Amino acid sequence: RPTLMTGIQPTGFPHIGNYLGAIQQSVKLQNSESYDKIFFSIVDLHSITVPQNPTILRQNIINLACSLLACGLDKPQTVLFQQSSVPHHTELAWILGCLATLNKLDHLPQWKEKSPSKEDVSLGLYSYPVLQAADVLIYRATDVPVGDDQIKHMEFARHLARQFNKIYSPVFPIPKQITSQHIRIKSLRDPIRKMSKSEKDSRGRIELFDSPDEIREKLRKAVTDLGTGGMIGYDSQGRPGISNIIDIHAAVEGSTPDQICSECAHLTTVEYKERAAEAIIEMLKPIRARIVHLRNEPQHVVSVLSKGNEIAAQNAAKTCAEVKKLIGLS
Ligand code: ATP
Ligand code: MG
């Protein structure tokens, strides 16, 4: 039976890249009613692979839960939970780690993106994709809606599932990644890099809770080239800054970069940025209003999470017991 699993790190407020690249897709799949269960994890154990301040981390977890509920992940079949409260994730990660080679891990992007040199890479950051595979496999998930930046990690998760199935018994379905339009939103300050929660400069991202004025300001300051006569144009290699804004705008409007370019051909870059800002503000308006509402009801959010934690643990425990039996550990 189709089961969906996905996660997001509490490394900051979710941004429009997370929304357009992953969250929106999860909401659509949830609302399609084709899944018995949707496991949506706040992957806090992943977030500590880079340094976190405990007070801020605690806040980020609640803010993230509010944001996900505000985005519409609130149907009865959706299990919103905190990774660290389900110990079976790390238990299965250890077991899968015994099937993962250093050679494979060496080729995965996670530690390269987050650390300037190998001397500074912790064991946690290096083995991050093993834990990510365990997150998915512990629920025997079939479908995983995650962004375009996770392709290599998902291939690795499938590799570990196949290894385990071959050595022991076919316990795990081979999970497939679902990416709607292969959209990878770039930083507004550095359009070569992807937009990230953990990028130091928050002007590089539009967070779901940003006010209309903050969004206008961030768009105004977004790095773009002058182009020919200050006009817009789509060329992701040659003009990455303006192309990124067109990509965001197209995703927000549910249209294509070509359509956006012909609709806005008469606008200068400065005017176009204002137009794009208004479209983003409009899309985020109801989400932001729901976040404000939920932040005033922390008890409700905490109770959703504790209920989710319980259901997730029940499901994870079953797989874990079966896996341990097959290995000879029980
Ligand atoms: P961090 O910088 O801490 O890694 P992040 O912004 O990359 O944060 P994650 O929690 O790692 O966010 O990822 C959550 C989901 O959002 C994943 O499915 C990921 O593929 C997707 N995602 C992250 N950044 C982008 C982006 N710039 N464009 C599209 N999808 C993205
Ligand atoms: Mg990330």
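## Around ligand 1 and through the strands

Let's start with the ligand: helix α1 (residues 16-31) supplies the largest share of the shell around ligand 1, namely 4 residues. Keep in mind as you look around that this is a predicted model. In total, 21 residues surround ligand 1, and the closest are Thr11, Lys114, Asp149, Lys194 and Ser198. Sorted by class, that shell holds 6 nonpolar, 10 polar and 5 charged residues.

Here are some polar contacts to look for in the viewer.

| Residue | Atom on the protein side | Atom of ligand 1 | Distance |
|---|---|---|---|
| Gly147 | backbone N or O | oxygen | 2.7 Å |
| Met195 | backbone N or O | nitrogen | 3.0 Å |
| Ser198 | polar side-chain atom | oxygen | 2.4 Å |

Ser198 turns up twice here: it is among the closest residues to ligand 1, and a polar atom of its side chain lies 2.4 Å from a ligand oxygen. How much of ligand 1 does the protein bury? Taken alone, the ligand exposes 600 Å², and the protein buries 97% of that.

Now for the strands. Strand β1 (residues 3-8) and β2 run parallel, joined by 6 bridges. If you want a spot to find that pairing, Thr6 stands opposite Phe40 in β2. To get from one strand to the other, the chain leaves β1, passes through α1 and arrives at β2, making a right-handed β-α-β crossover. So helix α1 does double duty in this tour, as the link in that crossover and as the element with the largest share of the ligand shell.

On we go to β2 itself, which covers residues 37-42. Of its 6 residues, 5 are buried, so the strand is largely enclosed by the rest of the structure. Strand β2 also pairs with β3 (residues 78-82): the two run parallel, with 5 bridges between them. Two places to check are Ile38, which stands opposite Thr78 in β3, and Ser41, whose bridge partner in β3 is Phe81.

Is β3 largely enclosed or open? It is largely enclosed by the rest of the structure, because 5 of its 5 residues are buried. Thr78, Leu80 and Gln82 point one way from the strand, while Val79 and Phe81 point the other way, and all of them are buried. That puts Thr78 and Phe81, the partners of Ile38 and Ser41, on opposite sides of β3.

Next, a couple of backbone oddities. Most residues other than glycine have a negative phi. Glu33 has a positive phi of about 60 degrees, although it is not a glycine. You'll find Glu33 in the loop between α1 and β2. Its relative accessibility is 55%, so Glu33 counts as exposed. Arg140 is another non-glycine residue with a positive phi, this time about 45 degrees. Look for Arg140 in the loop between α8 (128-137) and β4 (143-144). With a relative accessible area of 24%, Arg140 is partly exposed.

One more stop is Arg58, which sits in helix α3 (residues 54-70). Is Arg58 buried or exposed? Arg58 counts as exposed, because its relative accessibility is 59% and the cut-off for exposed is over 50%. Arg58 and Trp94 are 36 residues apart along the chain, and their C-alpha atoms are separated by 26 Å.

Definitions and conventions
Residues numbered from 1 in each chain as written. Chains lettered and ligands numbered in written order. Predicted model: local features only at pLDDT ≥ 70, side-chain atom pairs only at ≥ 80, totals over all residues. Heavy atoms only, no water. Near = heavy atom within 4 Å. Polar contact = N/O pair within 3.5 Å; in protein donor to acceptor, adjacent residues only side chain to side chain. Areas by Shrake-Rupley, 256 points an atom, 1.4 Å probe, with all protein chains shown as cover. Nonpolar A, V, L, I, M, F, W, Y, C, P; charged D, E, K, R; others polar. Buried < 20%, exposed > 50% of the residue type's maximum accessible area, 1.4 Å probe, protein only. Pairing = 2+ DSSP bridges. Right-handed = clockwise from strand over helix to strand, strands pointing away.
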